[in-house]
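Let's take a walk through this structure together, starting with one small detail and widening the view from there.

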Amino acid sequence: MGGQAQSGHGSDALGVIADARARAGEELALAARHLDPSLVDVLRILGFDREYTSARGSHLYDADGRAYLDFHTGEGFASLGHNHPGVREVLEAALAEDLVDGVQLHYSTLAGMLAEELSARLPRGLDAVFFASTGAEAVDSAMKFARAATRRPRLVSCDSGFHGVTLGPLSLVGDDFFKEGFGPLLPGCARVPFGDLDRLEAELRGKDVAAFIVEPIQGRLVSTPPAGYLEAAQALCRRYGTLFVVDEIQTGLGRTGRWFALEEWGLDPDFVLVGKALSGGAMPVAAMVTRRAIHDRAVGTLERCYVHQSTFGRNRLSMAAGLATLRIIERDGLVGHASRMGALLRDGLTELQGRYEMVKTVRGRGLMIGIELGAPSSRAARMSWRLIHLASEGLFPQLVVIPLHRDHGVITMAAGKNDVIKLLPPLTLSEDEARCFLAALDAVLADVHGGESRNWAVVRDIATATLRRRPAREAPAEPAPFRGGRIDPSCDDLCLVTGATGFIGGHIAQRLVAEGRHVRCLARPDSDTSLLERLGVEIAPGDLTSPRSLARAAAGCRHVVHCGALVSDWATADEIRRVNVEGTRNLLDASAVAAVERFVHFSTTDVYGYPGGRAVDEGHAATRFANWYARSKLEAEAEVRRAERAQGLDAVVLRPATVYGPRSTEVVGAIARAIRGRRMLLVGGGGAVAGLCYVDNLVDAALLALDHESAPGGTFNVSDGLDVTWRQFTDDLARGLGCPPVRRSLPYPLASGLGFSLEHGYRLLRRTTGLTAPPLLSRQAVDVLGRDQSFSARRAREVLGWAPRVGYAAGLDATLAWLNDEHHVVPTPALSSPQPCRSGGSRLP
């Protein structure tokens with residue numbers, strides 16, 4: 001036992017503080033042994049492993065006496081600065097009074113006073129308060145009370161929202177990163193995009209949602225709501241009987257320049273959740289505030305008075321600290337002060353944004369500010385930027401956070417797995433401290449602006465070490481050498497094409513070569529590369545499922561055109577996803593490391609789910625998927641957009657419809673063989689629009705996607721816009737081949753049922769007998785042949801300036817010339833419906 005010692009503010013008869021002082025410097029070693037060693041590792045990597053010995057106001061102090069300006073304040077909990085003397089004085093007075101603290105035995109006057117003062121600052125009618133120890137506990141309480149009051153099971157929250165990491169609130173959190181490994185979570189919890197009223201109404205319309213829980217400003221990214229969103233969301237909740245819960249745990253109590261952020265939008269919610277700043281950083285305390293009627297429907301009977309309690313929820317010290325905090329904020333005018341200091345900071349940050357390209361956006365309210373960083377423009381810096389993002393989506397902000405702390409004594413934090421630095425300085429921040437921060441940030445941004453500073457090297461080393469620690473996903477093997485034409489290592493316009501041994505990819509490679517560009521093509525070792533060899537392109541042996549081969553193929557490339565895919569209507573879901581989704585992710589990762597500037601991804605109009613409507617545009621959301629291929633292509637698009645956000649990749653998505661033309665062996669060639677063998681089968685009499693796109697027109701769109709300055713971030717349908725039906729197309733082919741027209745047909749419902757049965761039957765046979773032939777008919781073929789494939793290419797015309805250069809007559813003539821030259825007479829099954837070419841045209845990567 002430690003002997004009697006005197007602390008800075010009172011006696012320490014048990015020697016607790018004296019022992020802690022004697023063991024100063026052991027904090028990280030103790031944490032590594034008994035707490036969380038992984039967090040200790042992070043602190044050491046980032047240089048935050050300082051021995052902090054004291055904290056006062058806006059500053060922390062280390063053992064050497066160096067001061068650190070705190071612009072994070074523990075996610076905003078130390079809202080009055082550290083160790084505010086007014087809060088400490090009240091806590092000491094509360095201890096000196098020897099007050100009763102048996103929460104289960106009585107209600108203290110302090111708890112009633114704090115509840116009264118909170119209610120007085122909230123909209124009228126919010127007068128029933130439940131105190132808890134943490135914000136997560138307050139959220140959990142609202143979840144319970146909402147379900148009990150409405151007798152409804154479901155809860156809705158927003159994507160990217162954050163409400164806590166205990167099991168109930170975690171079920172509402174909008175980032176899956178926090179949930180990995182902790183499932184299954186609570187059933188009945190759904191999410192909608194923040195700001196999307198249509199999606200919210202779709203969830204509420206069933207009148208089974210107990211509550212919609214939303215942060216007025218999302219804390220993870222400091223995302224502010226679109227104009228009118230919160231007011232309209234509240235109105236929707238009223239219309240459908242859903243309780244409206246505003247989570248002010250981070251935004252409340254002056255943080256945004258108002259007592260509560262809800263005041264800005266005139267909200268009148270059913271619940272307000274308060275936490276973090278409620279004790280001024282001194283004690284754990286939070287509160288759920290609701291209407292009396294809601295409270296009493298949940299627990300307001302003699303029998304239920306005990307069913308929801310919190311042991312330390314209204315303890316005397318937390319209640320005293322809460323009262324002190326509210327009174328200090330009021331007495332010192334900190335709400336208005338936060339508004340003024342926030343304006344000063346935002347003005348300064350906006351000025352820096354004008355000078356430094358790395359500052360992409362500045363947003364927030366009051367002293368809750370987000371600085372989103374953007375990609376640098378120089379190729380060298382961009383390569384480092386992508387390497388950093390490949391290692392971790394939340395690592396890039398450390399390029400600024402680390403030197404701010406190390407060189408300027410300013411504490412900031414990245415906002416999570418994103419590129420946002422979140423500022424949450426104390427409400428007591430002085431003007432001099434605000435300007436000190438701006439000067440420090442200016443110096444750091446000037447240093448990292450060029451991409452060659454020591455700070456780039458530090459974060460790049462962290463990224464490299466992170467990647468090396470990851471387990472290898474494939475066994476090392478001696479890579480096969482590149483074949484074909486050799487690329488000059490100094491060239492700066494190298495384009496990698498995947499799927500180039502297929503129909504569309506081969507045409508793209510051919511056009512690129514014709515235009516004098518340097519081309520490298522990814523090809524599996526067993527692929528027919530004869531065309532590529534004649535073109536003289538460089539051939540990189542590899543596979544979309546092999547990250548190592550993709551890294552070699554992408555190295556030195558400026559552009560990537562991704563046509564490769566597994567186009568199949570009956571392979572297993574795992575097989576299709578491994579190539580189309582995981583393979584796309586592998587290629588995106590390799591492109592990031594290689595600092596690729598433009599990534600053109602070939603998707604398909606199948607992602608719309610075969611709606612059968614007219615002029616379907618890119619805004620159409622699929623409501624049905626009849627095959628795993630279509631689903632995998634939509635997931636692959638999501639991977640492209642993820643990489644676009646996380647890695648700064650300029651990405652373009654093309655969605656071609658039914659592509660035809662010379663070398664279309666698996667579509668036009670199959671149709672020709674079936675026509676010549678009198679075995680071609682139509683669906684519904686062939687009256688559906690075929691959605692034709694001549695291959696050269698598609699290649700034109702691909703080159704525009706590569707070069708046009710307005711293309712990045714866009715998704716474009718590519719279709720010639722013809723009203724040609726399948727019957728007309730097959731009749732025209734038959735006429736050109738000297739064959740009778742196709743008249744075999746099945747009604748759509750019968751064909752769909754038959755396709756379903758054959759598809760599943762073939763999968764069963766494949767598992768049991770090893771059958772390798774495709775089914776005679778599939779649901780995908782039936783949908784393409786039996787439902788209108790009419791897609792609007794208006795966006796491609798208006799944004800890219802694209803128009804179909806080759807008309808139907810010319811395209812048909814070129815196709816027939818190829819068919820007659822090639823003599824496509826390979827035997828086909830008794831009834832034949834071709835596998836429509838909806839993407840890269842390659843069945844294998």
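In this predicted model, a good place to begin is the side chain of Thr725, which has a polar atom 3.1 Å from the backbone nitrogen of Gln728. Where along the chain does Thr725 sit? You will find Thr725 in the loop that links β28 (715–718) to α25 (726–737). Leaving aside residues up to four places away in sequence, Thr725 also touches Gly686, Gly687, Ala688, Val689 and Ala690.

Now let's turn to a pair of helices. Helix α15, residues 398–408, packs against helix α17, residues 454–469, at an angle of about 120 degrees, and the two axes are 9 Å apart. Their crossing is right-handed. Which residues make the contact? From α15 come Gln398, Leu399, Ile402, Pro403, Arg406 and Asp407, while α17 brings in Arg454, Asn455, Trp456, Val458, Val459 and Ile462. Sorted by class, this contact has 7 nonpolar residues, along with 2 polar and 3 charged ones.

Finally, step back to the whole protein. Its secondary structure consists of 29 helices and 29 strands. Of its 845 residues, 56% are buried. How much surface does the protein expose? The exposed area is about 34400 Å², with carbon and sulfur atoms supplying 54% of it. As for how the chain meets itself, take the contacts between residues at least 6 apart in sequence: 76% of these join residues at least 24 apart.

Conventions: Residues are numbered from 1 along each chain as its sequence is written. This is a predicted model: local features need pLDDT of at least 70, side-chain atom pairs count only at pLDDT 80 or more; totals for chains, interfaces and linings use all residues. Side-chain values use heavy atoms; hydrogens and water are left out. Helices (H or I, at least four residues) and strands (E, at least two) are DSSP runs, numbered from the N terminus. A polar contact is a pair of N or O atoms within 3.5 Å; within protein, one must be able to donate a hydrogen and the other to accept it, and residues adjacent in sequence count only if both atoms are side-chain atoms. Contact means heavy atoms within 4.5 Å. Axes are lines fitted to C-alpha atoms, for helices over the stretch in contact, and angles run from 0 to 180 degrees between N-to-C directions. A crossing is left-handed if the near helix is turned anticlockwise from the far one by less than a right angle, and right-handed if clockwise. Ala, Val, Leu, Ile, Met, Phe, Trp, Tyr, Cys and Pro count as nonpolar, Asp, Glu, Lys and Arg as charged, and the others, Gly among them, as polar. Buried means under 20% relative accessible area, exposed over 50%, partly exposed in between (1.4 Å probe, protein chains only). Accessible areas come from the Shrake-Rupley method with a 1.4 Å probe; for residues, only the protein chains shown count as cover.
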